[in-house]
Amino acid sequence: MESHGNFDLIKKFQLDFADVHVSKWKSRSCGLSIVHLDYDAPIVNGYFVVATEIFDDSGCPHTLEHLVFMGSEKYPYKGTMDHLANRGFSDGTYAWTDIDHTVFTVSTAGEHGFLQLLPIYLDHILYPTLPEAGFITEVHHIDGQGQDSGVVYSEMQGCENSTVELMALRMQRLLYPPGSAYRSETGGLMEALRVLTIDQIRDYHRAYYVPHNLTLVVTGRLASGTGSLLDVMQQEVEPRFVEHQQNKGTKPLGWNRPFMETPSADRKPIAQTVKETVEFPEKDESAGELQLGFLGPPPTAFLERKALGILGTYLTSSAAAPLRKEYVEVENPLSTYIYFDQGTRATYVDLAVYAGAVPIEHLDTFDEKLRDSLRRIADEGLDMDRMAMVINRDERQLRSKIESSQGDMFYRKVLTDFLYGSEDGSDLAPSLDEINRYAQLKKWTSEQWSDLLRKYYVNPHYVAVRGKPSSEMADRLEQVEKARIAAQKAKLGPTGLAECERILEEARKENEKEIPNEILTSFPAPSVKSIVWIAVQSFQEPVKSKARAPRQEAHSELAKHIERDGPFLPFFVQYDHVKSDFVTVHAYFSLASLPDRLRPYISTYLYSFFSLPVKRSTGEKLNHEEVVNRLGDDTVSYEVNCGVLDLFTETMRVSIKVEVARYENAIAWLKDLVYGSEFNKERLQVTVAKLQQSLPWSRRDGNTVLGSVVAELLYTESSTSRMYGVVPQIEFIAKLSRRLQEFPADVIQDFEEIRMHVTDPTGIRISIVGDILALKEPRSAWARHFGQVLPPCELAPLRLSVDTLSAVGKSPAKRAVVVSLPTIESAFVMHTARGIQGWSHPEYPAMRVAVEVLNAKESFLWRYIRGSGLAYGAYCDYDLEAGLVNFTLDRSANSIEAFKQAANVIRGLTDGSIAMDDTVLDAAKSSIVFGVAQSVSTPNRAAIMSFINQALKGVSQNHNIEQLEKFQRITREDVLDVFRRYFLPLFDASSSVAVAVVAPAKADQVAQGFDQFGFDVEQKTLQADEGGGGVADGETTGESVMLC
C-alpha cells in the first residue's frame, strides 16, 4: 500500500472519459480522509465535509455551520478565516447544511492561497471557540424592542412557513420512522431556536466534529501535486490532532458511523399509502402543490439509479414528454411542472415526484390520476426511439458539463461516497463512472423500462403530501406572531427589555474586537503572476457600426481559417475559439424598436419559443412535438432569455449548443425557430395557461416580488425587464388569456409584429463560441442560411437599461414603497441612488474596490448587520448599465435597524470614526482577483466573456484582466471618495428611494421607520381577488393604490 506520512492511499484511478485523476487518502492516525480530483484549472476548490446527524429540531448542525467562523483556538477573533481567505485570492468562505451533512468551502485562484488557508480552516472547523457572544448575535437573541433576531433565526424565519419547507418537513415525518435523524429539521425550527443554548451546540460539536468524521475534497490542479496537500496536513494539521488526543486510529472505540450504524439506517418499505394535506399561507387559494415520496434502490445501486434518472427525464423533460403532454401542455393545465428527483439516504434512496401549481379542485385526486398515467405508460410500453434520443442527449449534456466544470462537477458524488459508500473506497470509482452506464442503458428493452417504472412508481405504496394555500392561515400567522411578541414584551417588561439590549450590545462589542494586524499581515497575498489565464482567439466580421470600430486579429490562426471560407458576412458575427468538443451559437436580437404595448408579451413569446410548430427553410412542416424531439436529437442544450449574466436585458438571446459536427444544424435551427415558427391559438393558449397558473408561485417569493416592484419604480413601460416582472404579468396574462379566447387573430398578429421588430437586421449580433478551428465552414454556413434575411446594414447601438429609466430612476428621491406579502416572515429591502454608468467609466476601478471593501465576508456590512443578527445578508452593489447603486437586505428580521447600522457604517468610514486600514484594502483587491479568475476559469466562460466585452460592453477582449492593474493602484482616499459621493446618498431620503417587501405583521412598523427617515411612503399589499387573478389592495399615507 502506498503511503505519505500517516496517510495511506486507499484508491487511485483516472477517469477514462475525462482528464481527471482521482486519489483517496486516509490518515491511519486520526481517520481523516482526503480525496483529490486533479485536473488542469486556474481555480482550486476545497470542500470540508462533516456527517451531521441530529435527532431533534434544535438546529445544532445549522448553528455550528455559522458559529465555527466566530474564531478558533489559534485564531480567537471573529472573521479571521474570511479576512485571510480574502487575502489569498478568494472571495471568502461558504457553507451549507443539508439533512445529513454540513459542508464548508473555499475556492482560490491558484494553489498558494489554498494551501495557506488549509490548516487555518481546519482549526476553525475542529477547534472553534464557540463563544456565548457569537451565539447571541449569530443564532438568536431578543432585542430591546422585544423582537426575536439573529442570523440563523432570520434565515429560518424567511423560509419556515414557505410551501417548500412546510411540505418537505411533513414528508420527512411521514417517510421516516421515529428514532430516525432524517425526520429532523436540521436548520432549526424557530420555536426550537428560541430555547436553544450554546452548551447544547458545544456538546454537539464535541460529538460530531472530529477528524474521523471529516473528509476533505479538493478539486483542481496543485502545481506540486497531491504531495503538497498531504505535506501540509502531515506537518501543520496532524500535530493539532495529537494535542487534542484525537490520534486514536481510523475508528475510535465506541464510534458509530452517522446514519450507517445508527437507528437512521433502520428503514423498512412503506407499509401503506399515506396522504396528508399541509396548509401554507397564501391569499390566492386557486392552486396548490403536490409531493409524492417513494422508496428507491440502495444508494450504491448506481446503474438502477441512473436508469431512474433517465426515466424521469423521458417522462417530463420537454413538451413532447408523456406526462408534460398529458398534464402541462394542454389548454387547461393540471400542473405547470412535474419533475422526478432522488435523495441519497442510508439503506434506500428517496424517490420524489413534484407537481406544481395544481388547480385546487384537482389537488386531492392528482396523485391517483398520475399513478394511473404511469401504469398506462408501463403497460403500453415506452417509445424506444424517443428513449434513445433522451439517453444520447443526456450523455452529450454530461460530456458538456465535464468540459465546462471539469472535475469539480464530481465533488458531490465524492461527498456522497463519504457519507454512504464503502469505507474501503471500493464504491468511489463506480460512483464516478457515470458515462459508461449509458452504454448499458442503451441496450435496455421497452419491457425493462416498463418493469422499472412499475417496480418503483406504479406498484409500491407511497406517501403523498398536498400543499394547500390558505388565506386564513396567512391572517392567523400574522395575528399569532403579533400576539407572541406582545406577550414576550409584557413578560420581559421595561427592565427585562433593557437587559436584553444590554446583553446584545455587550455581545456585539465582544464580536467586534479587532484582529491584530500581525495575524493578517503574516498571511502574504499570492502573486497574480501565478495565475494561468485561458487564451481565446477572437475574430469579428467587419460590419459597420455606430457604436465602435470592428475588432479583428487579421493575422491570427483563427482569422486565416475564417477568411479561407469565403467572403465577409454582411452582418455582425464574432467567433471566439477555445478547445472544445462543442460549439454554441448565441444570437442577440435587439428589443429597442418594440412598441411598448407589446413588451408584456415577451414572457409568453420566450416561454413558447421552442414549442411552437415550425415551417423549416426546406419547406418541411413540423408540429410542436416534432420540433421538440428534433431539437433533442440535434442539440446538447438550447435556451432563450433576455440578456446575459443579468445584463443587456433589452436584447433577446437565443442559444443553441451542439457537438462540433452539428454546427450547421444549430444555424439552421436558429433561422427556422426565429423566422419559421407558427403562432397558433392552441399552442399560445397552452403557454398562457401555464404562465397564469405559475404566477401564484412566483409572487410568493420575497426576492421575486422585490425585483418586480423595484423595476416598477425605477423604469418606464419601455423597459422589457420591468414588463416581464411578476407584478405587471399578474394582470397582463389574465387579460391575454381572455383576448386569446375572444380575438385570437388579433393576438397572433401581435406576435407577428413582435417577430418583425425582433428580426430587424440592424439589431442582430451573432456569437459563436467553441472549437472554431475544427469547423470546416465557420462562415459560409451562415451565408447559406442567413444571407437572404440579413442584408448589408449598419449595426445600431445597443439599447441599455439606462435608456429606460423613469423620472424616479433618473433622479431617485423621497419615494418608499412597502409591500405586504403574506408568504414571508422577514423583510427583503432595496435602497437605490445614482451611481456611475458605463464599463469604461474612469471611476469604475475605485467603485469596484469600494464595493468589495463593504461586502467582503467579515468586512463592514457583514460585521455590523449580519454579525448583529439583523439580517441574513446585507450588501451594496453597482449597476454600470443603468448607472445606479443599491443597498440590499436579504431576509432581515429588523430592516429598519439594519438600515440605520448601514448608514452608520458609511458615515463612520467617511468621517474616520470607523477605521479602514491597508489590510482591508489589500484583502478587497485580492478578492477581486479571484472574482476575475472565476469569471474566465473555463474555456467556455473565457470565450463568452470575450464576446460580452467586445461586442456588448464595447471594451477590450481582456478588459477584466487588464483592470487588475488599475485595481491595485486604488488608494484608501479613492475608496473613501466613492463612499462620500455615491454611497452616503443611499442613506439620505433626499437622494434615494426604497422598496421593502415584508410580512404583513411588520408592514406598519417598516412604513413608520421609512417615514421617520424622511421618505414619502406608500403601502401596498400583493394578493389575489376573489376570482384568483392578480389584483391587490393598498393603503398609503394619503392615497389609494392598486398593485397589479
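## Overall build

A compact globule of 1044 residues would have a radius of gyration near 31 Å, and the chain has 29 Å, so the two agree. Keep in mind as you look around that this is a predicted model. The C-alpha trace spans about 75 × 70 × 65 Å along its principal axes.

If you like to navigate by secondary structure, the chain offers 38 helices and 30 strands. It is also divided into three parts: domain 1 (3-259 + 495-522), domain 2 (558-801) and domain 3 (807-1021).

## Where domain 1 meets domain 3

Let's turn to one pair of these domains. The C-alpha centres of domain 1 and domain 3 lie 28 Å apart, and their contact draws 42 residues from domain 1 and 32 residues from domain 3. About 3100 Å² is buried between domain 1 and domain 3, with carbon and sulfur atoms giving 50% of that area.

Polar links also join the two sides. Between domain 1 and domain 3 there are 14 residue pairs in polar contact, with both residues at pLDDT 80 or more. Several elements each supply at least two residues of the domain 1 side, including helix 2 (80-87), strand 7 (101-109), helix 4 (132-138) and helix 18 (471-511). Sorted by class, that side of domain 1 has ten nonpolar, 21 polar and eleven charged residues.

## Salt bridges

Side chains of opposite charge can pair when their charged atoms come close. Three salt bridges are counted between domain 1 and domain 3. You can also find a salt bridge between Arg 863 and Glu 514, whose closest N and O atoms are 3.6 Å apart.

The overall count comes to 71 salt bridges. A good one to display is Arg 699 with Asp 284, where the closest N and O atoms are 2.4 Å apart. Arg 699 sits in the loop between helix 24 (681-698) and helix 25 (702-714), while Asp 284 sits in the loop between strand 11 (274-281) and strand 12 (287-295), so this pair ties together parts that are 415 residues apart in sequence.

Conventions
Residues are numbered from 1 along each chain as its sequence is written. Side-chain values use heavy atoms; hydrogens and water are left out. Domain bounds come from an automatic or database domain assignment. Contact means heavy atoms within 4.5 Å. Buried area is the accessible area (1.4 Å probe) that two parts lose on being put together, summed over both. A salt bridge is a side-chain nitrogen of Lys or Arg within 4 Å of a carboxyl oxygen of Asp or Glu. A polar contact is a pair of N or O atoms within 3.5 Å; within protein, one must be able to donate a hydrogen and the other to accept it, and residues adjacent in sequence count only if both atoms are side-chain atoms. Helices (H or I, at least four residues) and strands (E, at least two) are DSSP runs, numbered from the N terminus. Ala, Val, Leu, Ile, Met, Phe, Trp, Tyr, Cys and Pro count as nonpolar, Asp, Glu, Lys and Arg as charged, and the others, Gly among them, as polar. The radius of gyration is taken over C-alpha atoms; the globule rule is 2.2 Å times the number of residues to the power 0.38.
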